[in-house]
Amino acid sequence: MNKPIFELTIRDFKTYVAEERLRRANYVLAFGSGKGGVGKSFIASVVALALRDMGFKVGILDLDLHSSSIPLMLGSINYEIKSSEKGFEPYKLGDNLEIMSLTYFVGNKPVALRGRNKDEVVLYLLSLTNWSKLDYLIIDLPPGMSDEVLNIAHYIKGNNRGVIAITTPAQVSVDVVKKFIEVLKSLGTRVLGTVLNMSYIRVDDKVLKPFGEFNLEKLEKMLNTKVLAEFPLEPKADKILKSRTIPRTELGEAIKKFTERLVKIISH
C-alpha cells in the first residue's frame, strides 16, 4: 500500500517541477498533427529560427520520441548531454536558441517505449531540462493522438500557450487533423490555428496544386479553426536548415509572415 502512495508523490513532484521549468518561457507554442509526414518538425524548426532572428530567446523541446528529427534538422545530432546541479543542459545554437531532445541521451538509435515509459520520458525532459529564461519555448509534439500527446496537452493550457496544427491540403490529412483539433479542444487546450504545408508548387509563373484545389473558407469551417498560413513546396527547403537562416524565397517570406502573425496571436 505504501509503494503506490510513494510513487504518486514522486510523480506529483516531477509534475510540479515540469510546470516550474515551463514557466521560464513567456510563451509556449506546440506544433502537432494528427499524422506524420506533413512537415511538423520542419515548421517547428523554421519558426524557432525566425523567432530567433526577430531577437527573441527561443528553446525547442523535441518530444517526438520515436521519430526525433529536430537534432538532425538543426545540426546537433552529435551533442552529448551535459548535466549540472540545475539539471540537463540543452544544446545551445548560438546565444538565442536552445534545443533539448531524447536523441542527446540515446544517440541516433531507435527507441522502443511503451505507454507508461513514454509518459515518464516526457516528464523527465520537461522537469529536468535547465532552460535559460526564454521568450518562446517551441514543443515538437509526436504525431497522432497518443498517450504522450494527451498528457502533454495538460501542460499547454493557458492564455500564453497554445497548439498549431499542421496538415497538407490532402483530404486524408485534413480529416485526421480535424479529429486532432477536436480532441485538443475537448481537453481545454488552446488551438491557435492551422498551417497548410506543401500547399502548392510554383513553376515559373504557374501555381500547381499537388493535392488539388480546395476552398479555404470551407476548410476553416470544417476544421473549426483559422488557417494561419499556406506554405509552398520548395525543392531547396532543406537549405534553410543547413544554413540555419530564413532565405528570401517565397517559402522564407511565408515563414516570416506566419511567425510575425503567431507572435501577435499568442500575446493577445
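Contact here means heavy atoms within 4.5 Å. By that yardstick, Q171, V174, D175, V177, K178 and I181 in α7 meet L219, M222 and L223 in α8. Keep in mind that this is a predicted model. Its largest nonpolar core runs to 81 residues, and helix α2 gives that core its largest share, nine residues. Below is a quick tour of the core, two helix pairs, and a few residues with backbone angles worth a look.

**The core and its hubs**

- F31, I138 and F258 have the most contacts inside the 81-residue core.
- I138 touches a long list of residues once neighbours within four places in sequence are set aside: L29, F31, A44, V47, A48, L51, V58, G59, I60 and L61.
- A48 belongs to helix α2, and with a relative accessible area of 0% it is buried, since anything under 20% counts that way.
- Leaving out residues up to four places away in sequence, A48 is in touch with V58, I60, L97 and I138.
- For a sense of scale, the C-alpha atoms of A48 and Q171 sit 28 Å apart, with their positions 123 residues apart in sequence.

**Helix α2 up close**

- α2 covers residues 40-53.
- The helix has 14 residues and reaches 20 Å from its first C-alpha to its last, close to the 20 Å expected at 1.5 Å a residue.
- Most of α2 is covered, with 13 of its 14 residues buried.
- Just past the end of α2, G55 takes a positive phi of about 100 degrees.

**α2 against α10**

- Helix α10 spans residues 250-266, and its axis is 9 Å from that of α2, with an angle of about 75 degrees between the two.
- That angle makes α2 roughly perpendicular to α10, because 65 to 115 degrees is the range for that label.
- On the α2 side the contact uses F42, V46, V47, A50 and L51, while α10 brings L251, I255, F258, T259, L262 and V263.
- Sorted by class, this contact has 10 nonpolar residues, one polar residue and no charged ones.
- T259 is placed in helix α10 and counts as buried at 1% relative accessibility.
- Not counting residues up to four places away in sequence, T259 touches V47, A50, L51 and M54.

**α7 against α8**

- Helix α7 takes in residues 171-186 and helix α8 residues 216-223; their axes come within 9 Å and cross at roughly 40 degrees.
- That crossing makes α7 oblique to α8.
- By class, the contact of α7 with α8 has six nonpolar, one polar and two charged residues.

**Helix α5**

- α5 runs over residues 115-128, and its 14 residues should span 20 Å at 1.5 Å a residue; the end C-alpha atoms are 20 Å apart, so the two agree.
- Which residues of α5 are buried? They are K118, D119, V121, V122, L123, L125, L126 and S127.

**Backbone angles to check**

- Most residues other than glycine have a negative phi.
- M198 is not a glycine, yet has a positive phi of about 55 degrees; this residue lies in strand β9, residues 191-203.
- R244 is another residue other than glycine with a positive phi, near 60 degrees.
- The loop between α9 (238-243) and α10 is where R244 lies.
- Is R244 buried, partly exposed or exposed? At 24% relative accessibility, R244 counts as partly exposed.

**L208 in strand β10**

- Strand β10 covers residues 206-208, and L208 is found in it.
- L208 has 43% relative accessibility and therefore counts as partly exposed, with that class lying between 20% and 50%.
- Setting aside residues up to four places away in sequence, L208 touches Y200, I201 and V203.
- The C-alpha atoms of L208 and Y104 are separated by 40 Å, and the two residues are 104 apart along the chain.

Conventions. Residues numbered from 1 in each chain as written. Predicted model: local features only at pLDDT ≥ 70, side-chain atom pairs only at ≥ 80, totals over all residues. Heavy atoms only, no water. Core = buried A, V, L, I, M, F, W, Y, C linked by side-chain atoms within 4.5 Å. Buried < 20%, exposed > 50% of the residue type's maximum accessible area, 1.4 Å probe, protein only. Helix = DSSP H or I, 4+ residues; strand = E, 2+ residues; numbered from the N terminus. Axes fitted to C-alpha atoms, helices over the stretch in contact; angles between N-to-C directions. Parallel < 35°, antiparallel > 145°, perpendicular 65-115°, else oblique. Nonpolar A, V, L, I, M, F, W, Y, C, P; charged D, E, K, R; others polar. Expected span 1.5 Å × (residues − 1).
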